[in-house]
Amino acid sequence: MQRPTKKQSESKNNKHFLLKGKRGDGFPLTIAVTLCLLLIICGISEYFRVTIIAQGVRDAVQQSVISTVNDNYDDVYHAVREGYAAGYSPTDDESWEETIDTGNIYAQLAVTLGLTANGSDSYCSYAGDELEYTISNLSVTLSNNGLASGESEGYLADATLVLEVPSGFAGTVLPPVRMLLKVQAKYIPKF
């Protein structure tokens, strides 16, 4: 029988601390790594959940704002000659009066997203019995184009609203994620 050389016995002693030990010693470390990965995956999935909700609400608000701007087509001064559009109508005394239709963006959002009214300036979405998100403080600003060309940037609609999404992590309820969403639409006549 051959005895191990000095180099072979030293190489056995220089093993990494994770490779030393008895069978089953790595089990607690495996559980710890698995739990850490699970927590990281939970955090990433919560981030994606909030991102998907915010993107869906932003798209719905954009669609509602565009619809409101397009509802003004009948009030827009014909733009063939000047190359731009503005919401004015002639009056009897040979002047122009501004006409803008503000629409009802909250009502369109409620239909599009299936929202439930929660007070006068707040709407909620529920997934079953659980609150999914809340929309509030909607503000829409319609800026009419100037009566003559070159007087303004265009026929614009700016909308802002506050979105609150309840969040939680690992069974703990965290403060809601609150974000301000901004949407802008511009009306340009094609013909």
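**Exercise 1.** At a relative accessibility of 40%, does asparagine 137 count as buried, partly exposed or exposed, and on what ground?

*Solution.* The model is a predicted one, and every step below should be read with that in mind. A residue is called buried under 20% relative accessible area and exposed over 50%, with partly exposed in between. Because the value for asparagine 137 is 40%, this residue counts as partly exposed. As for its place, asparagine 137 belongs to strand 5, which covers residues 130-143. Its backbone deserves a further remark, since asparagine 137 is not a glycine and yet has a positive phi, near 55°. Most residues other than glycine have a negative phi.

**Exercise 2.** Where is glutamate 94 found, and is this residue buried or exposed?

*Solution.* Begin with the position: glutamate 94 sits in the loop that lies between strand 1 (88-90) and strand 2 (96-98). Next, take the accessibility, which is 77% in relative terms, and because exposed means over 50%, glutamate 94 is exposed. Finally, look at the backbone, where glutamate 94, although not a glycine, has a positive phi of about 60°.

**Exercise 3.** Describe how helix 2 and helix 3 pack, and decide which word suits their angle.

*Solution.* Two packed helices are described by the angle between their axes and the distance between the axes. For helix 2 (residues 27-70) and helix 3 (residues 105-113), the angle is about 135° and the axes are 9 Å apart. Now compare this angle with the cut-offs: roughly antiparallel requires over 145 degrees, and roughly perpendicular covers 65 to 115. An angle of about 135° fits neither of these classes, and the two helices are therefore oblique to each other. The crossing of helix 2 and helix 3 is right-handed. The residues that meet include Gly56, Val57, Ala60 and Val61 from helix 2, and Ile105, Gln108 and Leu109 from helix 3.

**Exercise 4.** Which residues does leucine 109 touch, apart from those up to four places away in sequence?

*Solution.* First place the residue: leucine 109 is part of helix 3. With a relative accessible area of 0%, leucine 109 is buried, because the limit for that word is under 20%. Beyond its sequence neighbours up to four places away, leucine 109 touches Ala60, Val61, Ser64, Gly114, Leu115 and Leu161. Among these partners, Ala60, Val61 and Ser64 also appear in the list of helix 2 residues that meet helix 3. The C-alpha atoms of leucine 109 and glutamine 62 are 9.8 Å apart, while 47 residues separate the two along the chain.

**Exercise 5.** How many disulfides does the structure hold, and how do cysteine 36 and cysteine 124 stand in accessibility?

*Solution.* A disulfide is a covalent bond between the sulfur atoms of two cysteines. The count for this structure is 0. Cysteine 36, at 46% relative accessible area, is partly exposed, whereas cysteine 124, at 3%, counts as buried.

**Exercise 6.** In which strand is serine 125 placed, and is the residue buried or exposed?

*Solution.* Serine 125 lies in strand 4, made of residues 122-127. Its relative accessible area is 5%, so serine 125 is buried. Leaving aside neighbours within four places in sequence, serine 125 is in contact with Leu115, Glu130, Leu131, Glu132 and Tyr133. To set this residue in the whole, note that buried residues make up 27% of the 191 residues in the protein chain, which has 3 helices and 7 strands.

Note on methods:
Residues are numbered from 1 along each chain as its sequence is written. This is a predicted model: local features need pLDDT of at least 70, side-chain atom pairs count only at pLDDT 80 or more; totals for chains, interfaces and linings use all residues. Side-chain values use heavy atoms; hydrogens and water are left out. Helices (H or I, at least four residues) and strands (E, at least two) are DSSP runs, numbered from the N terminus. Buried means under 20% relative accessible area, exposed over 50%, partly exposed in between (1.4 Å probe, protein chains only). Contact means heavy atoms within 4.5 Å. A disulfide is a pair of cysteine sulfur atoms within 2.5 Å. Axes are lines fitted to C-alpha atoms, for helices over the stretch in contact, and angles run from 0 to 180 degrees between N-to-C directions. Angles under 35 degrees count as roughly parallel, over 145 as roughly antiparallel, 65 to 115 as roughly perpendicular and the rest as oblique. A crossing is left-handed if the near helix is turned anticlockwise from the far one by less than a right angle, and right-handed if clockwise.
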